[in-house]
Amino acid sequence: MTTPGLGIALGGGAVLGAAHLGVLQELQARGLQPEFVAGTSVGALVGAGYAAGLGLDLIETLTLDARWADFGQLTLAPRLGILDSTALERTAARIGMDLSIEDLPLTFGAVTTDLLTREEVVMTSGSLTRALRASIAIPGLFPPVTDNGRILIDGGLVANLPISAVRGLGARWVIAVRVRPEWECLPIAPTADKIAHLETEPNTIVIRPRVDDLSMWRMTDVPQLIEAGRDAARATLGELHDFESLGRDAVVVASPTVRGD
């Protein structure tokens, strides 16, 4: 049963996104289930599995077994990326996630960037795998995805932490999980100040797993990342079990970074 009004925003960060699973596990242990889910890049991958109702045990198995080939394969064909992300479509079909977004049990949005307008595009309908391919389309690594005349790339360029997206889906309270900072090194759409302001909004909790010593590209770090997510959620949420008790105008201060060991 979902927690009415609760949304979760899962940020981008490649392999570091395994920490999102640990956060979701801690929420489940507290009897909290977000009603709204928004994700950027790897956050969209984890969030899609959660919104599709795969179950955290299955998501953990898939995460531990995941390899880069599940998401993209090297290709010699001319394209704007060294990996062909259609591999993700085959992976999704294998685990029963070749679905339409509007058919998911939970309200879900995948954050992408419109390459031409440099604006955030939250995909909330249509092919789930197409939305995920767009959300993970890191320039140079994965090719852009075309959708309704738009050229879409990784959502991290405009909102690596999709707080605005999950509020747009209808969330009144937001748990946001940040594993990487905003992409200010790429001058496409500077939004760090805007996102920083969103992190301090009323009824927002930001969880920051300790990932400093872990790699965003090394799959062997996944077990430690999951544990880091659990530890950070436990430390940040404290004794909190009931979001209604916070009150509509409550302000929750973001926690400091905590260790994952």
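Begin by selecting residues 173–177, which form strand β9 in this predicted model: 5 of the 5 residues of this strand are buried, so β9 is largely enclosed by the rest of the structure. If you show the side chains, you can follow how both faces of β9 are covered, with Trp173, Ile175 and Val177 buried on one side and Val174 and Ala176 buried on the other.

Keep β9 on screen and add residues 3–10, which make up strand β1 and pair with β9 in the parallel sense over 5 bridges. To see one of these pairings in detail, pick Ala9, whose bridge partner in β9 is Ala176. Next add residues 204–207, strand β10, which also pairs with β9 in the parallel sense, here over 4 bridges. In this pairing, Ile175 stands opposite Ile205 of β10.

While β10 is still selected, step back to Asn203, which lies in the loop between α8 (192–199) and β10. Asn203 has a positive phi of about 60°, although this residue is not a glycine. Is Asn203 buried or exposed? With a relative accessibility of 7%, Asn203 counts as buried, because the cut-off for that word is under 20%.

For a second residue with this feature, go to Asn148, in the loop between β7 (145–147) and β8 (150–154). Asn148 is not a glycine either, and has a positive phi of about 50°. Its relative accessibility is 72%, and therefore Asn148 counts as exposed, whereas Asn203 counts as buried.

Now turn to the helices and select residues 56–65, which form α3, where Leu56, Ile59 and Thr63 are buried. Why do these three lie on the same side of α3? They cover an arc of only 60° around the axis, and this puts them on the same side of the helix. A general rule helps here: an α-helix has 3.6 residues a turn, so residues three or four places apart point the same way. Rotate the view to the other side of α3, and you will find Asp57 and Asp65, which are exposed. To see what covers the buried residues of α3, display α1 (18–29), α2 (42–51) and α9 (222–237), which are among the elements that do so.

Leave α1 and α2 displayed and look at how they pack. Two packed helices are described by the angle between their axes and the distance between the axes. The axes of α1 and α2 come within 9 Å and cross at roughly 35°, and this crossing is right-handed. Selecting His20, Leu21 and Leu24 of α1 together with Gly43, Val46 and Tyr50 of α2 shows the residues that make the contact. By class, the contact of α1 with α2 has 4 nonpolar, 2 polar and no charged residues.

For the last stop, select residues 86–94, helix α4, and pick out Ala92 within this helix. Ala92 is buried, with a relative accessible area of 6%. Which residues is Ala92 in contact with, leaving aside its neighbours within four places in sequence? They are Met97, Asp98 and Thr129, so add these three to the selection and view them around Ala92. Finally, show Phe71, which is 21 residues from Ala92 along the chain, and note that the C-alpha atoms of the two residues are separated by 9.5 Å.

Terms used:
Residues numbered from 1 in each chain as written. Predicted model: local features only at pLDDT ≥ 70, side-chain atom pairs only at ≥ 80, totals over all residues. Heavy atoms only, no water. Buried < 20%, exposed > 50% of the residue type's maximum accessible area, 1.4 Å probe, protein only. Helix = DSSP H or I, 4+ residues; strand = E, 2+ residues; numbered from the N terminus. Pairing = 2+ DSSP bridges. Arc of directions from axis to C-beta. Contact = heavy atoms within 4.5 Å. Axes fitted to C-alpha atoms, helices over the stretch in contact; angles between N-to-C directions. Left-handed = near helix turned anticlockwise from the far one by under 90°. Nonpolar A, V, L, I, M, F, W, Y, C, P; charged D, E, K, R; others polar.
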